[in-house]
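Biologist: Put the model up, please, and let's go through it together.

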Amino acid sequence: MAEEINRDLGEILRDGMVMKDKIAALLKDGPKTITEIAEALGAPTHEVFLWVMTMWRYDKVTETGRAGADGYFHYRLKQ
């Protein structure tokens, strides 16, 4: 997965409008980390982080508790 670090923030956030549906579809199978979501989407982790945090901010996802042994939180869809 090639990380594009020079994309405009506005472009990344606009992509979030489409990506939130793809992320939600992935999370229907169960909680996932940002890294797992990024790998499944073929998207850079820093962009997925922004999209998931936007979903978290608008109460669409939540973390499943404490970070795992690897230090990463798992996120799930809110009911």
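Biologist: Which accessibility class does Lys22 fall into: buried, partly exposed or exposed?
Modeller: Lys22 sits in helix H1; helices (H or I, at least four residues) and strands (E, at least two) are DSSP runs, numbered from the N terminus. The relative accessible area of Lys22 is 43%. Buried means under 20% relative accessible area, exposed over 50%, and partly exposed in between (1.4 Å probe, protein chains only). So Lys22 counts as partly exposed.

Biologist: Before we go on, what kind of model is this?
Modeller: Residues are numbered from 1 along each chain as its sequence is written, and side-chain values use heavy atoms, with hydrogens and water left out. Local features need pLDDT of at least 70, side-chain atom pairs count only at pLDDT 80 or more, and totals for chains, interfaces and linings use all residues, the model being predicted.

Biologist: OK. How far apart in space are Lys22 and Val52, C-alpha to C-alpha?
Modeller: In sequence, Lys22 and Val52 are 30 residues apart. Through space, the C-alpha to C-alpha distance of Lys22 and Val52 is 11 Å.

Biologist: Now the inside. Which helix gives the most residues to the largest nonpolar core?
Modeller: By nonpolar core I mean a set of buried Ala, Val, Leu, Ile, Met, Phe, Trp, Tyr and Cys residues joined through side-chain atoms within 4.5 Å. The largest one here has 16 residues, and Ile23, Ile37, Val48, Trp51, Val52 and Val61 have the most contacts inside it. H1 (9–27), H2 (34–41) and H3 (45–57) each supply at least two of its residues. The top contributor, with six residues, is H1.

Biologist: Which residues does Trp51 touch, leaving aside neighbours within four places in sequence?
Modeller: Contact means heavy atoms within 4.5 Å. With those sequence neighbours left out, the partners of Trp51 are Arg7, Ile12, Asp15, Gly16, Met19, Ile23 and Ala43.

Biologist: On to the helix pairs. How do H1 and H2 lie relative to each other?
Modeller: Two packed helices are described by the angle between their axes and the distance between the axes. Axes are lines fitted to C-alpha atoms, for helices over the stretch in contact, and angles run from 0 to 180 degrees between N-to-C directions; under 35 degrees counts as roughly parallel, over 145 as roughly antiparallel, 65 to 115 as roughly perpendicular and the rest as oblique. H1 and H2 pack at about 110°, with axes 11 Å apart. That makes the pair roughly perpendicular.

Biologist: And how do the residues in the contact of H1 with H2 divide by class?
Modeller: From H1 come Met19, Lys22, Ile23, Leu26 and Leu27, and from H2 come Ile37, Ala40 and Leu41. For the classes, Ala, Val, Leu, Ile, Met, Phe, Trp, Tyr, Cys and Pro count as nonpolar, Asp, Glu, Lys and Arg as charged, and the others, Gly among them, as polar. The tally is seven nonpolar, no polar and one charged.

Biologist: What about H1 and H3: is their crossing left-handed or right-handed?
Modeller: These two pack at an angle of about 65°, with axes 9 Å apart, and are therefore roughly perpendicular to each other. A crossing is left-handed if the near helix is turned anticlockwise from the far one by less than a right angle, and right-handed if clockwise. H1 passes H3 in a crossing that is right-handed.

Biologist: Last pair. What is the class breakdown for the contact of H2 with H3?
Modeller: H2 and H3 pack at about 115°, axes 9 Å apart, which makes them roughly perpendicular. H2 brings Ile34, Thr35, Ile37, Ala38 and Leu41, while H3 brings Thr45, Val48, Phe49 and Val52. By class that contact has seven nonpolar, two polar and no charged residues.

Biologist: Past the helices, is Thr62 buried or exposed?
Modeller: Thr62 belongs to strand S1 (residues 61–63). Beyond four places in sequence, Thr62 is in contact with Trp56, His74, Tyr75, Arg76 and Lys78. Its relative accessible area is 14%, so Thr62 is buried.

Biologist: What is phi of Asp59 near?
Modeller: Asp59 lies in the loop between H3 and S1 and is partly exposed, with a relative accessible area of 48%. Its phi is positive in a residue other than glycine, near 65°.

Biologist: And how far apart in space are Phe73 and Ile34?
Modeller: Phe73 is in the loop between S1 and strand S2 (75–77), and at 37% relative accessibility it counts as partly exposed. Among its contacts beyond four places in sequence are Lys32, Ile34 and Arg66. Phe73 and Ile34 are 39 residues apart in sequence, yet C-alpha to C-alpha the distance is 7.9 Å.
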